[in-house]
Every structure is written in structure tokens, then in C-alpha cells.
Amino acid sequence: KPNTIILLHGFNSAPGNKAQVIEQYLQEKQLEDDYLLIAPQLATEPLKAIREINQLIRQHKSGKVYVMGTSLGGFYANYFRAKFKDEQVIVHSINPSWNPSVTLKRALNQELTNFKTNEKWFFQQEYIDQLKEMEDFVNENLKNYKSNNYSLHLAENDELLDFSALLSYLQKEQVPHKIYHYGTNHRFEKMREFLERVDLNRIIE
């Protein structure tokens, strides 16, 4: 298919309702032949997750790749906006974490249960260190992005994340971006509105 959507889930989660909303939208708009949706179950180790996403993007860069990520997935999306600066990769960050090495310290050295799969896993210091290295990469490289295929989709009532540091960085470094605001919380139950704003019909014209 000429276009690929890669949907990245958040911390301690898995593909779910958001992927279903996108699938239904593609069916309704008769866009199934134009877009391949990939919603991977990402590795819990950040470095492994980044490698998995990187491989998916490179596999599908013969066409356009739309990277859509929520929360920690939004941080990963920002990482790849900093990494891939060409026109083939379009990034939509939804309620993105900006400094997960700080905000996820609350989970350090704990056994966690995945919200959706019920899988148990352990969040260790090594993962915090990997996230910090990724943050440094984003800080150093996102400012060099000068195209116009980067959008932020922010919940006005996000109870977990503060977007002020991200927005300050983008303004200071003059990173081209679009911002959309939604009347929802961190769970971001506005995927249909998000898709209408993104307007996949318009994108392929």
C-alpha cells in the first residue's frame, strides 16, 4: 500500500481501542487500499522498542510513513521526528512525554502489570538510563528539523503530563510544528476527532 500508519501505544500498555478507531475510519472513508495500519506491541525495554520502530519505518519508506504515538509512544514519535528529517516520514505526537526518564521514575524497581495484556514485567534503572540517552538525542537533533510534517495533539485536561517544557523547546529552537488541542484527558478518547483533523483523505490527494 502507498502509505503506512505506525501507531505507537503508551507506557505499560498495548494496541487497543485507538487502533480499532483508525481501522473503522479507514473502512468508512474507503481508504483501506491507501493505508496499511501497523499497531505493534512494543518491547518494554525502550532501546528494543526504538529498534523495532526503526525497522518498521525503514521497511515502509518506499511510501509515506505516518508515525502516530501516544504518551511514551509520543516520545518515541518525537525521537523519530528528530532522526528522520525527510518528507517521507510524517509525525503526529499525541500527549507526548518529553522527559520520560523523570516522569517514569515513579515506576522504578517495581513489578508492573500491563494495563491491557496483564503481562507482568519489571521496570529497571537500565530503562531509565536508555530513556535519558534518547532524550539527549531528541534535544540535540529535533531542533534541526526544518520541514512541515510534525504535529502535536494535546489534551487540555491531561492529568499526567505537563507539555510546557516541550512547547518551550519548540518555540526557542523554532522547530516547525502544528498544534491541535482537545477537550479530553491523558487517555485521549478523541481519536475520531484527531483523524478528522488530520484528514487522511486530503493527505493522499
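Visitor: Which helices and which strand each supply at least two residues of the lining of the largest cavity?
Guide: Keep in mind that we're looking at a predicted model. The largest cavity has a volume of about 130 Å³, and 17 residues line it. The elements that each give at least two residues to that lining are helix H2 (46-59), helix H3 (72-83) and strand S6 (120-123).

Visitor: How many charged residues are in the lining of the largest cavity?
Guide: Start with the residues nearest the centre of this cavity: Phe-11, Asn-12, Ala-43, Thr-44 and Leu-72. Now sort the whole lining by type: ten residues are nonpolar and seven are polar. For charged residues, the count is no residues at all.

Visitor: Okay, on to the pocket. Which element gives the largest share of the lining of the largest pocket?
Guide: The largest pocket holds about 800 Å³ of space. Strand S1 (3-8), helix H1 (17-28), helix H4 (100-103) and helix H7 (191-198) are the elements that give two or more residues to its lining. The largest share, four residues, comes from H1.

Visitor: And how many residues in the lining of the largest pocket are charged?
Guide: In total, 36 residues line the pocket, and Gly-10, Ser-13, Lys-18, His-186 and Arg-187 lie nearest its centre. Split by type, the lining has 17 nonpolar and eleven polar residues. The charged ones come to eight.

Visitor: Is His-153 buried or exposed?
Guide: Find His-153 in strand S7 (residues 150-155). Leaving out residues up to four places away in sequence, its contacts include His-92, Ser-93, Ile-94, Asn-95 and Phe-188. Its relative accessibility is 0%, and buried means under 20%, so His-153 counts as buried.

Visitor: What is the phi of Asn-95, one of the residues His-153 touches?
Guide: Asn-95 sits in the loop between S4 and H4. With 1% relative accessibility, Asn-95 counts as buried. Although Asn-95 is not a glycine, its phi is positive, at about 45°.

Visitor: Where is Phe-188, another residue that His-153 touches?
Guide: Phe-188 is a residue other than glycine with a positive phi, near 50°. Its relative accessible area is 1%, so Phe-188 is buried. As for its place in the chain, look in the loop between strand S8 (178-182) and H7.

Visitor: What distance separates the C-alpha atoms of Pro-96 and Gly-10?
Guide: Pro-96 lies in the loop between strand S4 (89-94) and H4, and at 2% relative accessibility Pro-96 counts as buried. Among the residues Pro-96 touches, not counting those up to four places away in sequence, are Ser-71, Phe-75, Leu-152 and Leu-166. Along the chain, Pro-96 and Gly-10 are 86 residues apart. Their C-alpha atoms are separated by 9.1 Å.

Visitor: Let's zoom out. What is the radius of gyration of the protein?
Guide: The protein has eight helices and eight strands. For its 205 residues the globule rule gives 17 Å, and the protein's own value is close to that, so the protein is as compact as a globular protein of that length. The radius of gyration is 16 Å.

Visitor: Last one: what percentage of the residues in the protein is buried?
Guide: The protein exposes about 10,000 Å², with carbon and sulfur atoms supplying 43% of that area. A residue is buried when its relative accessible area is under 20%. Out of 205 residues, the buried share is 51%.

Methods:
Residues are numbered from 1 along each chain as its sequence is written. This is a predicted model: local features need pLDDT of at least 70, side-chain atom pairs count only at pLDDT 80 or more; totals for chains, interfaces and linings use all residues. Side-chain values use heavy atoms; hydrogens and water are left out. Buried means under 20% relative accessible area, exposed over 50%, partly exposed in between (1.4 Å probe, protein chains only). Contact means heavy atoms within 4.5 Å. On a 1 Å grid over the protein atoms alone, a cavity is a set of points where a 1.4 Å probe fits but cannot get out, and a pocket is an open set with protein on both sides within 12 Å along at least five of seven lines; lining residues have an atom within 4 Å of a point. Grid points are joined across faces, edges and corners, and a volume is the space filled by probe spheres set on the points. Ala, Val, Leu, Ile, Met, Phe, Trp, Tyr, Cys and Pro count as nonpolar, Asp, Glu, Lys and Arg as charged, and the others, Gly among them, as polar. The radius of gyration is taken over C-alpha atoms; the globule rule is 2.2 Å times the number of residues to the power 0.38. Accessible areas come from the Shrake-Rupley method with a 1.4 Å probe; for residues, only the protein chains shown count as cover.
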